[in-house]
Each structure stands twice: as structure tokens, then as C-alpha cells.
Amino acid sequence: MSLYLGIDFGTSGVRAAIIDGGANIRARSRRSFEVSEPSKRANYWRQVLFGLLEEIPQQLRQEIKSITINGTSGTVLLCDRNGNPLDEPLMYNDNRSASVLEILKKLAPAKHTVLSATSSLAKLLWMSQLPSFSQAKYFLHQADWLAFLLHGQLGISDYHNALKLGYDVEAFEYPDWLQSLQIPIQLPQICAPGTPISQIRSELAFEYGLSPNCLICAGTTDSIAAFIASGANSPGEAVTSLGSTIAIKLLSRTRIEDAKYGIYSHRLGDLWLAGGASNTGGAVLKEFFTVDELESLSHQIDPTQKSDLDYYPLLKAGERFPINDPNLAPKLEPRPSDRVEFLHGLLEGMSRIEAQGYELLQILGADRLTRVYTAGGGAANDTWTDIRRHHLGVPMIEPNNSEAAYGSALLAMAGSMM
Ligand code: ADP
């Protein structure tokens, strides 16, 4: 039997999914991430990765033909010539590099994706000021380094992880402005996500009972792996993630970019995955309701009726997408005494924002929205789905799967057939 392993290094846990050639799940495992001391973080990732391999039943391990790892987008580290991490990795949301943003604005084209305090390039510039930088040879994303541990090749990344490093995913090269920065480090060589890089290191194959022919493929980011898992694959198909915040991704034949709204497009084969994220979402619901209340009160809402409330639910002032206003105030008044009515207003407000987001992507040139898959904690709420269907005016589809590990396993399968 041929099996394919996807590993998802998320922000709070690591998950693995093993699928067979029919894309059926054969095994799963997960481990929670303990918050570790920053200086020990990379070492901890290594332990968790190998621990996860050990958890896979022996008879399945030897059948694995390929492995793909997705990492958290924007989590990066510097390594020496042997791939040993120097200093702590910088996590996706680390914004210490805000201090180099003014410099970066003078170097990168206006509105470029790298012009954010948490972009990989901003992080690299910030790291270049550290004393340890003199020993640095490679700059890698989390997924690149973890894959390196398995295949042993340094300096390789994929064009999903490398988008925020400034790699030109249309021309397949580092642009001139980036090369002219002459940062004295080896920027990763970029492959299509899922491309087989090399067979697993022979000593690892021996130690973990894996096939010596097992291929390690180029990785991707967590949110793209989750998109791939959903099954959405045609222009006009979209995935909304109803997590703490609401993120939308629309598959399109056109590439859409607008830094003002935080909109950018990832390449997905011959198509583009245009996306944006609002600050509204489940975190606001959690502020007012328990998960049990969300469930029971939602059942009492009539989704065919319009709420009289006109909310813009935010935890604090500031929104980027679909309205770009760092001072946009939350709108949560008037507050009815009836909690069912209040929840109705919140779900409706969020549905309106989601619909406005898709409208903005289409105004900017993305393909017409045809159907929406839903992932995240809010996907379980059928009342919300009904309200959303009304606002979006397209069929709402349940994803095949919403686990990033499954999406990475699909990439591994595709990679093994390249
Ligand atoms: P994240 O990974 O962004 O933290 P999750 O995808 O785990 O988010 O989803 C968690 C969110 O889902 C919480 O903020 C919670 O408010 C929301 N949520 C959980 N259950 C429901 C429900 N039945 N209806 C609406 N939202 C829900």
C-alpha cells in the first residue's frame, strides 16, 4: 500500500495525517505544543517532529511514500552552515521588526506584501542586526527547517512560505530590488509546494523504520494546507475560516493585491488564492457567550428573519479588511436585553462583513464567487450558516476536511507522482 504523510506545525499543536492513494485517512495523531522558552523552541520542534514519527504504527511507517510539512506562515529562523539554529526563531506574530519597517519602506515597492512588521523580510532585516548574524549562513521558514531535518538539504523553501519574503511568485525569482539589498545570507532556493526535494536521510529511515525511498517534499503554510484540505479547487470557490477572526480565501484566475486592505494572493498551481482577514469573528462571540450558549441560543434564532441591529462586532477599535480604518470603532449598540436577539445581531453583522469581504475581492478583479466552504470553530453553527447563505447568495458547502495536516498529506501524494 502507498501512504502519504502530512504534518501540520500549528501555533498550538502539531498534527499528522496519513492518507492512502484514495485520499482516505488511515491514521492521525496530534500533540499539543507546550509554550517553551524561546531559545529552546527549535530544539523542541525537532523533538516533537521525531516524537510524532515514533507514534505512527510501525506497519504504516514503512509504507509512507512521501512527507510534506506545513509550518506557520511567517515563523522564521537563522541557521549556521550546518543547519543549527542561531538565536531563537521569530514567531509569526513577533513584531519586533517594526523597528526596521521605515528602512524597508525605502527599499521595497509601495504596497508590497513585505511591508508589514511581521513579514519574513522585515524579520530577516531585523535579525541582520543581531550579533549572531555573523555566523548565519541560511535564512529558513519553520517548514523549511523541519523538512531539512528529514532530507538534509539546506537552503530550500516553497513559494507559499516565501511570498512574505518578497519572492516574486509570478516571475519565479527574487526581484531586483530584493537582490540589490545584498543581505549577506543565502536566501532559500524556491520550489513549488509539494515538489519532491530528496529522499529521507538514510540514518533516519533506518532509525524510524521508514522506507529509504520515502520522499520529503517542499512544504506550504498552515492556511493554504487547510484550503487544499477543503476540496475547493475551481475559480470562484472560496473558504471562509470562522476562527477567532474571520479569514476568507477566494480561488481566482486573477491575482489580487492591495496592501491597504491586507489583501494578497498566493499562487495555487495555475490559479491565485486571494485572501483577506477581518478582525471580527469568534473572539467577539467568546467575549459575550460560552460555547454552550452559542449553541443553545443559536437554535432559538430564526435565520429567515432580519435582525434590527446593525453591528460591526470588534473587540477593540481598528479594522483592516474589508474596511481599512485603524480607528474603526466596534459597533455593538443598542444592546437588547434578550440575549438571543443580541447573538442574532452579532452573527448577522459578521455575515455582512464576510459578504462585504468577498464583494471587495470581486471588485478588485477576482472571479465571481460560486460557493463557499467553511472551516473553523464557527463552521458547526448551522444557524450562522443559514444567515451567511442569505448574505452571500451562493451554496454553502461542507469541506471534505478542514485539517491542514490532511492538505499537506494531499500535497505529499501529488509530490510523489511528480
Ligand atoms: P482559532 O484557531 O482562530 O482560535 P477556532 O477555529 O478554534 O479558532 O474557533 C474558535 C472560535 O469559534 C471561538 O472564538 C468561538 O467563539 C467560536 N465558536 C465555537 N463554537 C461556536 C458556535 N457554536 N457558534 C459560533 N462560534 C463558535
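**Close-up views of the predicted model**

**View 1. The pairing of strands E13 and E17 in the predicted model.** Within this pair, Val239 lies opposite Tyr373 of E17. Strand E13 (residues 237–242) and strand E17 (residues 371–375) run parallel and are joined by five bridges.

**View 2. The open sheet of six strands and the helix packed on it.** The strands follow the order E15-E16-E14-E13-E17-E18, and their pairing is mixed. At the edges stand strand E15 (264–268) and strand E18 (396–397). Each of these edge strands has a single partner strand, so one of its sides is left without a neighbour in the sheet. Helix H11 (residues 339–363) packs on the sheet, where it touches E13, strand E14 (246–252), strand E16 (271–278) and E17. The direction of H11 makes about 30 degrees with that of E14.

**View 3. The largest nonpolar core, with 40 residues.** The members that touch the most other members are Leu5, Ile7, Phe9, Ile64, Ile67, Trp145 and Leu150. At least two residues of this core come from each of several elements, among them strand E1 (3–9), strand E2 (13–20), strand E4 (64–71), helix H5 (142–151) and helix H7 (202–208). Helix H1 (41–55) is also one of these elements, and H1 gives the most to the core, with eight residues. A second, separate core has 37 residues, including Tyr311, Leu332, Ala355 and Leu360.

**View 4. The surroundings of Leu5.** Neighbours within four places in sequence are left aside here. Leu5 is in contact with Ala16, Ala17 and Ile18, with Leu53 and Ile56, and with Ile64, Ser66, Ile67 and Thr68. The contacts of Leu5 also include Ala409 and Ala412, two of the buried residues of helix H13.

**View 5. Helix H13 (residues 404–416).** This helix of 13 residues reaches 18 Å from its first C-alpha to its last, close to the 18 Å expected at 1.5 Å a residue. Eleven of the 13 residues of H13 are buried, so the helix is largely enclosed by the rest of the structure. The buried residues are Ala404, Ala405, Tyr406, Gly407, Ser408, Ala409, Leu410, Leu411, Ala412, Met413 and Gly415.

**View 6. Gln59 in helix H2 (residues 58–61).** Gln59 has a relative accessible area of 52% and is classed as exposed because this value is over 50%. The C-alpha atom of Gln59 is separated by 46 Å from that of Glu287, and the two residues are 228 residues apart along the chain.

Conventions. Residues are numbered from 1 along each chain as its sequence is written. This is a predicted model: local features need pLDDT of at least 70, side-chain atom pairs count only at pLDDT 80 or more; totals for chains, interfaces and linings use all residues. Side-chain values use heavy atoms; hydrogens and water are left out. Helices (H or I, at least four residues) and strands (E, at least two) are DSSP runs, numbered from the N terminus. The expected span of a helix is 1.5 Å times one less than its number of residues. Buried means under 20% relative accessible area, exposed over 50%, partly exposed in between (1.4 Å probe, protein chains only). A nonpolar core is a set of buried Ala, Val, Leu, Ile, Met, Phe, Trp, Tyr and Cys residues joined through side-chain atoms within 4.5 Å. Contact means heavy atoms within 4.5 Å. Two strands pair if DSSP finds at least two bridges between them. Axes are lines fitted to C-alpha atoms, for helices over the stretch in contact, and angles run from 0 to 180 degrees between N-to-C directions.
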